[in-house]
Amino acid sequence: MNSFVHKTLVVQLQAGDTDRFSVLAHLSYDAADPFAVTVVFSHDGRVLARWQLDREMLGDGLRRPVGVGDVRMRPQARGMWQELRMEFLGDARADGGRHHAVVFAWAPGFAAFLRETYEVVRPGREEVHVDDFLAGVLAGG
């Protein structure tokens, strides 16, 4: 059985007061880290940002508003187009504010990716091998 899922989707990025523009979202899931989904945003071959998201939060964000910290998600409709709105707050800026970006993704694409991850590790069946993790930390790795 495959323990890794990868999908690349075109999403719309809005940073600050700019208009939306298309970037790629490279989604990956590894059963070795069953609670996390990694998203790498790129444009013209350059990595713009890399975020590790909670898989359950991502699923919840497709149905209702979630998040109170650096990452917030909610479903949003634009006519017949169903989107997942993801808001990311980054590092502090010189003016005292924080970098801020909003990504709008086609919700059915994210839902399909999550269904594939559920085939690898069903929700509620995630396991964390704490002893292995602690041995790695203590060994310096």
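A strand, as I use the word today, is a DSSP run of E with at least two residues, and strands are numbered from the N terminus. With that in place, leucine 24 lies in strand S2. I will come back to that residue. Please keep in mind that what we have here is a predicted model.

First, the chain as a whole. It holds three helices and seven strands. In sequence order the pattern reads β-β-β-β-α-β-β-β-α-α. The C-alpha trace spans about 45 × 40 × 30 Å along its principal axes. There are 141 residues, and 35% of them count as buried. If we take the contacts with a separation of 6 or more, 37% come from residues 24 or more positions apart.

On the surface, the accessible area of the chain is about 8,800 Å², and carbon and sulfur atoms make up 53% of that. As for charge, there are 16 positive and 19 negative side chains. The centres of those two sets lie 7 Å apart.

Now the aromatics. How many aromatic pairs does a search of the whole structure find? The search finds three. One of them joins phenylalanine 41 and phenylalanine 88, with 5.7 Å from centre to centre and 70 degrees between the planes, an edge-to-face arrangement. Phenylalanine 41 belongs to strand S3, residues 36–43, and phenylalanine 88 to strand S6, residues 81–92, so this pair ties together parts that are 47 residues apart in sequence. Both phenylalanines, 41 and 88, are buried.

Phenylalanine 88 also pairs with tryptophan 51. Why is that pair tilted? The ring centres are 4.7 Å apart and the planes stand at 40 degrees, and tilted is the class for planes that are neither under 30 degrees apart nor over 60. Tryptophan 51 sits in strand S4, residues 46–54, while phenylalanine 88 is in strand S6, so here the parts tied together are 37 residues apart in sequence. Taken together, Phe41, Trp51 and Phe88 form one aromatic cluster. For phenylalanine 88, the relative accessible area is 4%, and the residue counts as buried because that value is under 20%.

One further ring deserves a mention. Arginine 20 lies over the face of phenylalanine 104, at 3.4 Å from the ring centre.

Back to strand S2, and to leucine 24. Is this residue buried, partly exposed or exposed? Leucine 24 has 34% relative accessibility, so it counts as partly exposed. Setting aside neighbours within four places in sequence, leucine 24 is in contact with Thr8, Leu9, Val10, Val40, Phe41 and Ser42. Phe41, from the aromatic cluster, is therefore one of the residues that leucine 24 contacts. Between leucine 24 and valine 39, 15 residues apart in sequence, the C-alpha to C-alpha distance is 9.7 Å.

Serine 28 is in strand S2 too, which covers residues 21–30. With a relative accessible area of 17%, serine 28 is buried. Which residues does serine 28 touch, not counting those up to four places away in sequence? They are Phe4, Val5, His6, Val37, Thr38 and Phe113.

Val5 on that list leads to strand S1, residues 4–15, where valine 5 is found. Valine 5 is buried, at 5% relative accessible area. Leaving out residues up to four places away, valine 5 touches Leu27, Ser28, Tyr29, Phe113, Glu116, Thr117 and Val120. By contrast with those contacts, valine 68 is 63 residues along the chain from valine 5, and their C-alpha atoms are separated by 27 Å.

Two loop residues to finish. Alanine 31 is placed in the loop between S2 and S3. It is partly exposed, with a relative accessible area of 25%. Apart from neighbours within four places in sequence, alanine 31 contacts Ser3, Val120 and Val121. Its C-alpha atom is 8.3 Å from that of threonine 117, and the two residues are 86 apart along the chain.

The other loop residue is aspartate 44, between S3 and S4. Aspartate 44 is not a glycine, yet it has a positive phi of about 55 degrees. Is aspartate 44 buried or exposed? Aspartate 44 is exposed, with a relative accessible area of 71%.

That is what I have for today.

Technical notes. Residues are numbered from 1 along each chain as its sequence is written. This is a predicted model: local features need pLDDT of at least 70, side-chain atom pairs count only at pLDDT 80 or more; totals for chains, interfaces and linings use all residues. Side-chain values use heavy atoms; hydrogens and water are left out. Helices (H or I, at least four residues) and strands (E, at least two) are DSSP runs, numbered from the N terminus. Buried means under 20% relative accessible area, exposed over 50%, partly exposed in between (1.4 Å probe, protein chains only). Contact means heavy atoms within 4.5 Å. Accessible areas come from the Shrake-Rupley method with a 1.4 Å probe; for residues, only the protein chains shown count as cover. Lys and Arg count as positive and Asp and Glu as negative; His and the chain ends are not counted. The place of a charge is taken as NZ of Lys, CZ of Arg, CG of Asp or CD of Glu. Rings of Phe, Tyr and Trp (its six-membered ring) pair if their centres lie within 6.5 Å; planes under 30 degrees apart count as stacked, over 60 as edge-to-face and the rest as tilted. A charge sits over a ring if NZ of Lys or CZ of Arg is within 6 Å of the ring centre and within 35 degrees of the ring normal.
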